[in-house]
Amino acid sequence: MTQQTHRRRVGDTRTVLPVALVQPNTSGVLTAVDLTGLTVAFKMLNAATGATEIALTSTGVTVTTAASGQVQYDFSGAGVDTAGVYWGTFVVTQSTETDSFPVRMQDLRILIDSDTQTAEEAYQAALG
């Protein structure tokens, strides 16, 4: 998965976060993850503090096209109540085995702006 950035405003919940989950195949080519029969969950961490903003949950996650790895997360008000930079991760589970997408948390950046601060300004303020 290449880096993806999703920008929104505090309180905005109408627009979903759409993501295509991919991983290298045996030849090293990025290929869609077939999500048929698998469980997908989402979590989001504050990039400045490492605090969990959204604990791992399957609530709000929809697999839109399983065969091509298409998923989306529908934010609730509590998940978008604070301006800042966040790292999002989708966790795919089959039985007791899991894979995280993206592998590098920084590859799914979620930027939440407020009326008075951009996400980047809020991030810098949180760093102190």
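## Close-up views of strand β9 and its surroundings

**View A. Ser 95 lies in the loop between β9 and β10.** Helices (H or I, at least four residues) and strands (E, at least two) are DSSP runs, numbered from the N terminus. This is a predicted model: local features need pLDDT of at least 70 and side-chain atom pairs count only at pLDDT 80 or more, while totals for chains, interfaces and linings use all residues. Residues are numbered from 1 along each chain as its sequence is written, and side-chain values use heavy atoms, with hydrogens and water left out. The hairpin of β9 and β10 has 2 residues between the strands, and Ser 95 takes a positive phi near 60 degrees there. Ser 95 does so although it is not a glycine. For context, most residues other than glycine have a negative phi. With a relative accessible area of 70%, Ser 95 is exposed (buried means under 20% relative accessible area, exposed over 50% and partly exposed in between, with a 1.4 Å probe and protein chains only).

**View B. Strand β9 pairs with β5, β10 and β11.** Two strands pair if DSSP finds at least two bridges between them. β5 and β9 run antiparallel over 8 bridges, and Phe 42 stands opposite Phe 90 in β9. Another 5 bridges join β9 to antiparallel β10; there, Val 92 has Asp 99 as its bridge partner. With β11, β9 pairs in the antiparallel sense over 4 bridges, Val 85 being matched by Leu 111. Strand β9 is mostly covered, as 9 of its 11 residues are buried.

**View C. A cis peptide bond joins Phe 101 to Pro 102.** Its omega is near -5 degrees, and Pro 102 is found in the loop between β10 (97-101) and β11. As a reminder, most peptide bonds are trans.

**View D. The largest nonpolar core holds 21 residues.** A nonpolar core is a set of buried Ala, Val, Leu, Ile, Met, Phe, Trp, Tyr and Cys residues joined through side-chain atoms within 4.5 Å. Leu 17, Leu 21, Phe 42 and Phe 90 touch the most other members. The elements giving two or more residues to this core are β2 (17-20), β5 (39-46), β8 (70-73), β9 (84-94) and β11 (108-113). Zoom in on Leu 17 and, leaving aside its neighbours within four places in sequence, you will find contacts with residues including Phe 42, Val 71, Tyr 73, Phe 75, Phe 90, Leu 108 and Ile 110 (contact means heavy atoms within 4.5 Å). A second, separate core of 5 residues includes Ala 47, Trp 87, Leu 111 and Ala 119.

**View E. Ring pairs link Phe 42, Tyr 73, Phe 75 and Phe 90 into a cluster.** Rings of Phe, Tyr and Trp (its six-membered ring) pair if their centres lie within 6.5 Å; planes under 30 degrees apart count as stacked, over 60 as edge-to-face and the rest as tilted. The structure holds 4 aromatic pairs. Phe 42 and Tyr 73 are stacked, because their ring centres are 4.3 Å apart and their planes are at 20 degrees. This pair links strand β5, home of Phe 42, to strand β8, home of Tyr 73, 31 residues apart. Phe 42 also forms an edge-to-face pair with Phe 75, at 6.2 Å centre to centre and 80 degrees between the planes. Phe 75 sits in the loop between β8 and β9, so its pair with Phe 42 of strand β5 ties together parts that are 33 residues apart in sequence. Phe 42 and Tyr 73 are both buried, and Phe 75 is buried too.

**View F. Arg 7, Asp 113 and Glu 120 are linked in a network of salt bridges.** A salt bridge is a side-chain nitrogen of Lys or Arg within 4 Å of a carboxyl oxygen of Asp or Glu, and the count comes to 4 by this rule. Arg 7 meets Asp 113 at 2.8 Å, N to O, joining strand β1 (residues 4-9) to strand β11 across 106 residues. Arg 7 also bridges to Glu 120, with the closest N and O atoms 2.7 Å apart. Glu 120 lies in helix α1 (residues 119-127), so its bridge to Arg 7 in strand β1 ties together parts that are 113 residues apart in sequence. Asp 113 counts as buried at 13% relative accessibility, whereas Arg 7 is partly exposed at 44% and Glu 120 partly exposed at 31%.

**View G. Asp 115 and Arg 9 meet in a salt bridge at 2.1 Å, N to O.** Asp 115 lies in the loop between β11 and α1 and Arg 9 in strand β1, 106 residues apart. Asp 115 is exposed, with a relative accessible area of 71%, while Arg 9 is partly exposed at 38%.
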